[in-house]
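Here are some exercises to work through with the model open beside you. Try each task yourself, then check the solution below it.

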Amino acid sequence: DFGIVTVLWADQVAGLQVLGTDRVWHDVTPRDGALLVNLGDLTARLTNDRWLSTLHRVKPPVVDGTIVRRRSAAFFHDGNVDAVISTLPSHLDADSGLAYEPVSVRDHIAAKLAGSRQGKANAGAVREAARVRAAKGR
């Protein structure tokens, strides 16, 4: 997710997976009445990658050759579009400095959308691409 945090309600039909630090895709099955919380790319920027954004995917479940219907509803909290996101002072590494340049929420979201909608390479997605390529059980 592009912003700060996403809150998701999802039914218990299989399909949602998250990529763990062990580089394995893990199935996620929400409990009744529970909400799922995904950290977004801006949270990773704020924390200098100490709290990574949650890479996730949905593999449609197939039962007897038919895709089982899934339902979910998401609330995306991206932040104020004019806010400038920079690494929090408590998450700066004295040796290497900033991992990310400051960026406005507007510019960050626009760059992400431009890449996903127009097939453009996202220069800032190197970390995410490396995590997916290294995943087991793709």
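## Exercise 1: A first sheet

Let's begin with three strands that form an open sheet, in the order β4-β1-β8 with antiparallel pairing. Keep in mind that this is a predicted model.

**Task.** Find which strands sit at the edges of this sheet, and work out how β1 is joined to β8.

**Solution.**

Step 1. Look for strands that pair on one side only: these are β4, residues 36-39, and β8, residues 72-77.

Step 2. Check how the neighbours are angled. On average, neighbouring strands here are turned by 20° against each other, with direction ignored.

Step 3. Now go to β1, which covers residues 5-10. Six bridges join β1 to β8, and the two run antiparallel. For a concrete pair, take W9, whose bridge partner in β8 is A73.

As background, strands of a sheet pair through backbone hydrogen bonds, either parallel or antiparallel.

## Exercise 2: A residue on an edge strand

**Task.** Decide whether V37 is buried or exposed, and list what V37 touches away from its sequence neighbours.

**Solution.**

Step 1. Place the residue: V37 belongs to strand β4.

Step 2. Use the cut-off. A residue counts as exposed when its relative accessible area is over 50%. V37 has 54%, so V37 is exposed.

Step 3. Look for contacts, skipping residues up to four places away in sequence. V37 touches V5 and T6.

Step 4. Check the distance to V5. V37 and V5 are 32 residues apart along the chain, yet their C-alpha atoms are separated by 6.9 Å.

## Exercise 3: A second sheet and its hairpin

**Task.** Work out the strand order of the sheet that contains β2, then find which residue in the β2-β3 hairpin takes a positive phi.

**Solution.**

Step 1. Trace the strands. Three of them form an open sheet in the order β3-β2-β5, with antiparallel pairing.

Step 2. Pick out the edges. β3 and β5 each have a single partner strand, so one side of each is left without a neighbour in the sheet. Neighbouring strands in this sheet are turned by 30° against each other on average, direction ignored.

Step 3. Follow the pairings of β2. β2 and β3 pair over three bridges in the antiparallel sense, and β2 and β5 also pair antiparallel over three bridges.

Step 4. Match some residues. V18 stands opposite H26 in β3 and opposite H56 in β5. L19 has W25 as its bridge partner in β3.

Step 5. Turn to the hairpin of β2 and β3, which has five residues between the strands. R23 is the one with a positive phi near 65° in this hairpin.

## Exercise 4: Positive phi outside glycine

**Task.** Where in the chain are R23 and D49 found, and how exposed is each of them?

**Solution.**

Step 1. Recall the usual pattern: most residues other than glycine have a negative phi.

Step 2. Take R23. Its phi is positive, about 65°, although R23 is not a glycine. R23 is found in the loop between β2, residues 16-19, and β3, residues 25-27. Its relative accessibility is 42%, so R23 counts as partly exposed.

Step 3. Take D49. Its phi is also a positive value, near 70°. D49 is found in the loop between α1 and β5, the latter covering residues 56-58. With a relative accessible area of 25%, D49 is partly exposed.

## Exercise 5: The nonpolar cores

**Task.** Which residues make up the largest nonpolar core, and which elements give two or more residues to this core?

**Solution.**

Step 1. Collect the members. There are six: I4, L42, L46, I85, V105 and I109.

Step 2. Sort by element. α1, residues 41-46, and α2, residues 105-118, each give two or more residues to this core.

Step 3. Look for another core. A second, separate one has five residues, among them A10, L16, V28 and L36.

Step 4. Zoom in on I85. Leaving aside neighbours within four places in sequence, I85 is in contact with L42, R45, L46, E101, P102, V103 and V105.

For context, nonpolar side chains tend to be buried together in soluble globular proteins.

## Exercise 6: A buried serine

**Task.** Is S104 buried or exposed, and what is S104 in contact with?

**Solution.**

Step 1. Locate S104 in strand β10, residues 103-104.

Step 2. Apply the cut-off: buried means under 20% relative accessible area. S104 has 15%, so S104 is buried.

Step 3. List the contacts beyond four places in sequence: V81, A83 and V84.

How values were computed
Residues numbered from 1 in each chain as written. Predicted model: local features only at pLDDT ≥ 70, side-chain atom pairs only at ≥ 80, totals over all residues. Heavy atoms only, no water. Core = buried A, V, L, I, M, F, W, Y, C linked by side-chain atoms within 4.5 Å. Buried < 20%, exposed > 50% of the residue type's maximum accessible area, 1.4 Å probe, protein only. Helix = DSSP H or I, 4+ residues; strand = E, 2+ residues; numbered from the N terminus. Contact = heavy atoms within 4.5 Å. Pairing = 2+ DSSP bridges. Axes fitted to C-alpha atoms, helices over the stretch in contact; angles between N-to-C directions.
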